[in-house]
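Please open the model in your viewer and keep the selection tool at hand. This tour goes from stop to stop, saying at each one what to select and what is there.

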Number of protein chains: 2
Amino acid sequence: MTDNVTIAVDAMGGDNAPEVVLEGVAAALAADEGLIVILCGPADVVEPFAAQHARCRAQVAAEVIDMAEHPAQAVRKKKDSSIVVGCRLVKDGQAQGFFSAGSTGACLAAATLVMGRIKGISRPCLATVVPSPARPIVLCDVGANADCKPEYLVQFAQMGSVYAQKILGYESPKAALLNIGEEDTKGNALAQEAHQLMAKRLTNFAGNCEGRDVLGAQYEVVVTDGFTGNVCLKTIEGASKVLFGAIKDAMMSTTKGKIGALCVKDGLKGLKSQVSPDTYGGAPLLGVKGACIVGHGSSGAVAIENGVLTTARVVRQGVSEIIQHMAQAGNGSDTIK
Amino acid sequence: MTDNVTIAVDAMGGDNAPEVVLEGVAAALAADEGLIVILCGPADVVEPFAAQHARCRAQVAAEVIDMAEHPAQAVRKKKDSSIVVGCRLVKDGQAQGFFSAGSTGACLAAATLVMGRIKGISRPCLATVVPSPARPIVLCDVGANADCKPEYLVQFAQMGSVYAQKILGYESPKAALLNIGEEDTKGNALAQEAHQLMAKRLTNFAGNCEGRDVLGAQYEVVVTDGFTGNVCLKTIEGASKVLFGAIKDAMMSTTKGKIGALCVKDGLKGLKSQVSPDTYGGAPLLGVKGACIVGHGSSGAVAIENGVLTTARVVRQGVSEIIQHMAQAGNGSDTIK
């Protein structure tokens, strides 16, 4: 784990940038002795930090892409933004991966336009590790492609399976199609056609699964279009937040409950971190040339640290190269080894 | 609340039929003095029960549609099934509403084919009351129409708003479109077009909402296609189940936690019933001529009781008639009063 890896990091990404980004990068550098970071952002942010940290180089990027900007337009216009500059470092071979907790849309656009799509991959997909109390699984696409064709979903399953194997460590990940019933014939037109195609082309296809199976599933990869996946992911986040809040309220409403709350605090804290998106530090964009991970906008320092470390891990595990080989091998009927 | 209402009930619907259905019907009859039930099912089930209960009449239906059968085919073939017979009672004016905890697909098919679609409504939609610790909201469509056109979603919003107003008691329900971002231009092709149309045609449109807003939302109605809605609903169900299970495990893993668990038990029990789908007893099919509510397959007696009572309430509140007027009024730009 100590082979050197260079990751470009967007110093300006996220609601709490640059402070928490710097904090997270410092922690990541301390945790991984083979990690080299190229910190992209305004000179007054990145230069003092780089001067104080070994294995960190400053790359000045004067512009910042705002969360509210139109992603593709912003990427085209702001060529000196931290996101575009970071992706260009990967394109130029100076870095092997890019991490940002900034605008997801802008990161997707920049990674696709600047780093480039892997030949043979129709559409890169945004995957995410769904934090579950049972065990983590890969859900993809969660928002890169709102409208999909059935063949995209086949590739999402292949790419997600590589990630589940190499990053989550599942030996033989199974991929299920998110659908509205278990039977083969269920679903909208996309899901029905995707089911047929996945059954034909994937050796690790596990059939349909439903919304209730995403947390605590028997599958390691759940595949869907970017619209449904995004709704599903955000529904899980929302439900967790509302339920934890309601549990706290329910406990705090009585004296007996308050005493109980004190006793169960530690257990619940552990669980809360288990289901926190921060634990996995971000969503990988799969199908581009290089590692690219996008963190949650609300990332704290721990999430940033985990995100940077995971990006390095994606590089070391050769995720992008495996996907490249898979895409070259054609329809990929036998790609998950 | 004591005006007489006659509801046809499928005695054979659900995983625990007929026992829990009979128990639930008995409770509903006891709770609502104006309720008359026509119980549909095999003679040996419905006749003894009707003989023992005032305001209950037996309607023999020899066949049962199985959960696993193809819905439309089963409805066409099994004309003497409890589901088809129940819907026919509404069609013939003998009952004003139908409740079943049987196959959702078969109920949708039977209600649409036998009771009939309201003129002017393109597609009936399956709505559901999402049980939230914050407050209940209407989510529709949750599975009647896997593939939708933008104009369907406009009508779903109108019908869901009538339900939110008349059954949940919200004076001026706001309807939001489930999407993957707040901006008008976000989403897949369907959501983008639906947004434009809803903005133009609905007086109570609240713009986009995201998956994380479905529980604990600022909106009373959330509208989407039946595929996304079904995934969203089942994701909430799954997340609640997994989280409550994990919380129990987290507490039970230490002695201190076990003591705490005893103290917070009552509070959590209350919360669990708040977020239980049983509380609302089922999903209304909106847009057919008559009241039709489909209960969860796993309904217990309480869910059946609530489902039957809610069906009577839908009749008394004239939900179907209001939707009929709305549909006749044309595009319904001003329908939610």
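A salt bridge here is a side-chain nitrogen of Lys or Arg within 4 Å of a carboxyl oxygen of Asp or Glu. Before you select anything, note that this is a predicted model, in which local features need pLDDT of at least 70, side-chain atom pairs count only at pLDDT 80 or more, and totals for chains, interfaces and linings use all residues. Residues are numbered from 1 along each chain as its sequence is written, chains are lettered from A and ligands numbered from 1 in the order in which they are written, and side-chain values use heavy atoms, with hydrogens and water left out.

**Stop 1: a pair that crosses between the chains**

Select A:Glu237 and B:Arg212, whose side chains meet in a salt bridge with the closest N and O atoms 3.7 Å apart. This pair runs from helix 8 of chain A to the loop between strand 8 (205-209) and strand 9 (221-223) of chain B; helices (H or I, at least four residues) and strands (E, at least two) are DSSP runs, numbered from the N terminus. Across the interface of chain A and chain B the rule finds 4 salt bridges, while the count over all chains comes to 14.

**Stop 2: the interface of the two chains**

Now select the residues of each chain that touch the other, where contact means heavy atoms within 4.5 Å. Chain A gives 45 residues to this contact and chain B gives 45 residues. The area buried between them is about 4,100 Å², and carbon and sulfur atoms give 74% of that area; buried area is the accessible area (1.4 Å probe) that two parts lose on being put together, summed over both. On the side of chain A, the residues to highlight are A:Ile180, A:Phe227 and A:Leu243, which lose the most area to chain B and together make up 16% of what that side buries.

There are also 6 residue pairs in polar contact between chain A and chain B, both residues being at pLDDT 80 or more. A polar contact is a pair of N or O atoms within 3.5 Å; within protein, one must be able to donate a hydrogen and the other to accept it, and residues adjacent in sequence count only if both atoms are side-chain atoms.

Which helices of chain A should you colour at this interface? Helix 7 (189-201), helix 8 (226-252) and helix 9 (255-274) of chain A each supply at least two residues to the side that touches chain B, and the largest share, 19 residues, comes from helix 8 of chain A.

**Stop 3: the rotation axis**

Show both chains together and look for the symmetry. A rotation of 180° with 0.0 Å of shift along its axis superposes chain A on chain B, with an RMSD of 0.0 Å, so the two copies are related as by a two-fold rotation axis. The superposition is by least squares on the C-alpha atoms of residues with pLDDT of at least 70 in both copies. To find the axis, select A:Gly260, which of the residues of chain A comes closest to it, at 1.8 Å (C-alpha). The copies meet through the same surface, because 100% of the interface residues of chain A are also interface residues in chain B.

**Stop 4: the two domains of chain A**

Hide chain B and colour chain A as domain 1 (1-121 + 287-332) and domain 2 (125-277), with bounds that come from an automatic or database domain assignment. The C-alpha centres of domain 1 and domain 2 of chain A lie 25 Å apart. At their interface, 18 residues of domain 1 are in contact with 13 residues of domain 2, and the two domains bury about 1,400 Å² between them, 67% of it on carbon and sulfur atoms. The count of salt bridges between these domains is 0, whereas 3 residue pairs are in polar contact, both residues at pLDDT 80 or more.

**Stop 5: two details of the backbone**

Most residues other than glycine have a negative phi, and most peptide bonds are trans. Select A:Ala17 and A:Pro18, which are joined by a cis peptide bond with omega about -5°; A:Pro18 lies in the loop between strand 1 (5-10) and helix 1 (19-31) of chain A. In chain B, the bond from B:Ala17 to B:Pro18 is cis, with omega near -5°. Finally, select A:Arg55, a residue other than glycine with a positive phi, near 60°, in the loop between helix 2 (43-52) and strand 3 (56-60) of chain A.
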